[in-house]
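Let's take a walk through this protein together. Have the viewer open and follow along from one spot to the next.

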Amino acid sequence: MQPSRPGAAIGRRSILSGALVLTLIIGALPAQAQEAATAGPNATIDEVVVTGRAQTFYRVEETSFATKTSTSVLNVPQSVQILTRQLIEDQAARDTTDLYRSISGMTFFSYSGVTFRGFRQDEIRYDGVRGDPFAGFAVPQLFAIERIEVLKGVSGMLYGSGEPGGIINYVTKKPEFDGYSGLIELTGGSRSLQGIAAEATGPLSWGRGDEYAFRLGGLYEKEDSFRNNAGRESAILDGGLSWQPGGDTRITGQVHYYDVELPGNRLRGVPVDDAGNFLTSVHWNTNEATDFLRMDALIGLLAVEHQFTPDFGANVKLRYVDNEESQQYHESRGAAAPGSTLYLREFSDQTRSNEEISLVADFVLQRAIADAEHTILFGAEAYQQDGSFAGRTARQSNPLDPDASLGPVQPLDLLDPVYGNSGIDVIRDVLQPIPFRRSGTKARRYGGYVQDQVRLSDRWQLIGGARFDAYEDEDPLSGASTSDEALSLRGGVIFKPVDWISSYVSYGEGFLPQGVLDPADGGPFGPQETRQVELGVKSELFGGRIFGGLSVYEIIKDGVLIANPDSNAGTGGIPNLLQIGEVTSRGFELDFVGDFTELWTFQANYAHNDARITGGGPGNVGFSIGDRFANAPRHEFGFWTRHEIPALNSAIAGGIDYVAERISINGQRVRPHTIADLSWITELDAWKFQLNVRNLFDEEYAASGFIERTGHFPGEPRTVVVQVSRNF
């Protein structure tokens, strides 16, 4: 057991950690500036010094995700962030958990789930279309991702049902027509990290000019976890072919295959006391060495873009996902007795299969009507999901109860865990007669929408839209079903006092069906309904070198579901879920990206949030009106910067991630933390060498809280990643 540390000491250490990283970066600047100034005219890297580096590295000026039309970020009446491929590479990010510092208002919750503007969710799209192969307990991988687009707040008018905190869009890498390029990369690092990746893209002539282009890519990566009996092994194959028969048409087909194995998953937390101190080593894990999660997924995308006239175009996308997931894991049921270090466990054996088809068709018309410029979007979406689930559970009787019979699953001590006496090879015979619980899912979503962006003058712009959705959910095994309809509205006004400043106010609505739930969950429940008001200012500062944005918002969500914190949930008629009524989230966010100098670029963000229960009924165990919402920090700060060192053909980069105090689902304290990262990048001809150190000062911290019997999710200790790559 590691001794607890006073909160003040942790706070001082966090502040010193952040200050030291900034000192390392800023302190190096005078020498770097001198080296740049004294470099001779024949220096081999003169071309590296480029004005407007942020536009090359970290800043994107236009996006189509926020409006489904190509629109300047300055003219979107809602907060939006875009994480470029360069930022992903500089942070050596391999999955999305590595990038949360770069998204204001977002923190880790569990597995693929995040807290976003106060709400738990894992709402994402790929190329603007539904179909997430990683939904649940695996985390999206970034190998084939070109950039990540984040639309903050409610997005029901554009994307239908979803959570209100925001929506993430992963833009995949596409075949390129502009010449051949390729990459091979080797990765190594802490905890036996090893990997290899390769990709290539370019035109295919086939005797028909440059009508065709291809993309091929593959990755294999393996590493151990800092948690006992855990790790990760991933294999990804990625291919695409584009056909461009004329300047007005492009047809692209893509195929992705994921094979992910997570030994010792699903990883629950480490028990803590009410003050948030870990009761044992963060390496502790309830899983046995034979536990696992395996996920195989095949994804296909067909996209057709056609411009009928200069003012009228269409974009149609069809996405297919087929994935299979199986997992076996041990989960804590809590201490065997008050003060005991012996923790009871249960064993779960589960399989899931999921097939999804999404079709989205968007049409954009540009017209001048009554002295105003209109960009009119009208479109439709159809989505179908068919899934199945089978699971069985074996629990452990309390060995401290003299009248209890010893079950097949053995308990585990917090301070001296002994593994090997409860793996599948030991309990298989006892588990065999336990029947599987089975359920199925049939989900159907249909939507149609229209939106008009109106440019009244150089100073005033309007946006308004409406979407009608119908949904049907059914459990084909039980015959239970639910269906409903929803209307989602969106409106906004933009005022630009000068060309480089825009101020806005916007309103949006959304909804989320609760689905057909297991009777043990306590349903059926009505859909969650949300509405948001946001005010903001965006500006291109210092002649466009720095882009900044301030957004202030209020989100009200009705019909919220939470996990029942009662330790007996799911048994004796006590439901697994509670519908607590209304949660209100208020806050503001600051985002900046740009250039301090020609050689020094940065990204910074700050978020303040206060999410509280503002409506609910009696009997909601542990939750009352006025209580803070779980895992929603009031303060969050993220910073990342990169400075070029031309004389060394290198760059130094680093960042800080601060998350303030939170509470877990059971109201236990989640202590604040500050994590610092550092990176060194050197390029020699076509070669690139990169060293990343995450959690530079090896802080012990909780990335998120959960429920008391499973504890908090510990954050990753100091991690070193080394990459060597060659472009061709």
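Where is the place of valine 409? Valine 409 sits in the loop between β18 (372-395) and β19 (412-413). One thing to keep in mind as you look around: this is a predicted model.

So is valine 409 buried or exposed? Valine 409 has a relative accessible area of 0% and is therefore buried, the cut-off being under 20%. You can see what surrounds valine 409 by listing its contacts, leaving aside neighbours within four places in sequence: His330, Arg345, Glu346, Phe347, Ala394, Arg395, Gln396 and Ser422. Asparagine 421 is another residue to find from here; 12 residues separate it from valine 409 in sequence, and the C-alpha to C-alpha distance is 8.3 Å.

Now step back into strand β18, where aspartate 386 lies. Aspartate 386 has a relative accessible area of 21%, so it counts as partly exposed, given that buried means under 20%. Leaving aside neighbours within four places in sequence, aspartate 386 is in contact with Ser353, Asn354, Glu355, Thr441, Lys442 and Arg444. Take threonine 441 from that list: along the chain, aspartate 386 and threonine 441 are 55 residues apart, yet 5.6 Å separates their C-alpha atoms.

That pair is a good lead-in to the protein as a whole. The chain holds six helices and 36 strands. Among contacts between residues at least 6 apart in sequence, 67% join residues at least 24 apart. Of the 728 residues, 54% are buried. As for the outside, the accessible surface comes to about 29,400 Å², and carbon and sulfur atoms account for 57% of that.

What about the nonpolar interior? The largest nonpolar core has 67 residues, and Leu142, Ile148 and Tyr170 are those with the most contacts inside it. Center your view on tyrosine 170: not counting residues up to four places away in sequence, it touches Thr96, Ile124, Arg125, Tyr126, Asp127, Pro140, Leu142, Ile145, Arg147 and Ile148. Notice that Leu142 and Ile148 turn up in that list too. There is also a second, separate core of 13 residues, and its members include Phe119, Val560, Ile562 and Ile613.

Next, the empty space. Rolling a probe the size of a water molecule over the atoms shows where such space is left. How many cavities of 30 Å³ or more does a search of the whole structure find? The search finds eight, and the largest cavity has a volume of about 1,200 Å³. Its lining takes in 46 residues, of which Asp95, Thr97, Asp98, Phe108 and Glu716 are the closest to the cavity's centre. Several strands give two or more residues to that lining, namely β4 (106-110), β12 (212-224), β13 (231-246), β14 (249-263), β29 (650-659), β32 (673-684) and β35 (713-714). By residue class, the lining of the largest cavity divides into 21 nonpolar, 11 polar and 14 charged.

Stay with strand β4 for a moment, since threonine 107 lies there. Threonine 107 is buried, with a relative accessible area of 5%. Not counting residues up to four places away in sequence, threonine 107 touches Tyr100, Val114, Thr115, Asn631, Pro633, Glu636, Val659 and Arg662. Arginine 120 is 13 residues from threonine 107 in sequence and 9.4 Å away, C-alpha to C-alpha.

Further along the chain, phenylalanine 639 is found in strand β28 (residues 635-645). Its relative accessibility is 12%, so phenylalanine 639 counts as buried. Measure across to aspartate 657 in your viewer: phenylalanine 639 and aspartate 657 are 18 residues apart in sequence and 6.6 Å apart in space, C-alpha to C-alpha.

Let's finish with a bit of backbone geometry. Arginine 191 has a phi near 55 degrees, a positive value in a residue other than glycine. Arginine 191 belongs to the loop between β10 (181-189) and β11 (193-204), and at 21% relative accessible area it is partly exposed. Asparagine 695 isn't a glycine either, and it has a positive phi of about 50 degrees. Look for asparagine 695 in the loop between β33 (687-694) and β34 (702-704). Is asparagine 695 buried or exposed? With a relative accessible area of 2%, asparagine 695 is buried.

Conventions:
Residues are numbered from 1 along each chain as its sequence is written. This is a predicted model: local features need pLDDT of at least 70, side-chain atom pairs count only at pLDDT 80 or more; totals for chains, interfaces and linings use all residues. Side-chain values use heavy atoms; hydrogens and water are left out. A nonpolar core is a set of buried Ala, Val, Leu, Ile, Met, Phe, Trp, Tyr and Cys residues joined through side-chain atoms within 4.5 Å. Buried means under 20% relative accessible area, exposed over 50%, partly exposed in between (1.4 Å probe, protein chains only). Contact means heavy atoms within 4.5 Å. On a 1 Å grid over the protein atoms alone, a cavity is a set of points where a 1.4 Å probe fits but cannot get out, and a pocket is an open set with protein on both sides within 12 Å along at least five of seven lines; lining residues have an atom within 4 Å of a point. Grid points are joined across faces, edges and corners, and a volume is the space filled by probe spheres set on the points. Helices (H or I, at least four residues) and strands (E, at least two) are DSSP runs, numbered from the N terminus. Ala, Val, Leu, Ile, Met, Phe, Trp, Tyr, Cys and Pro count as nonpolar, Asp, Glu, Lys and Arg as charged, and the others, Gly among them, as polar. Accessible areas come from the Shrake-Rupley method with a 1.4 Å probe; for residues, only the protein chains shown count as cover.
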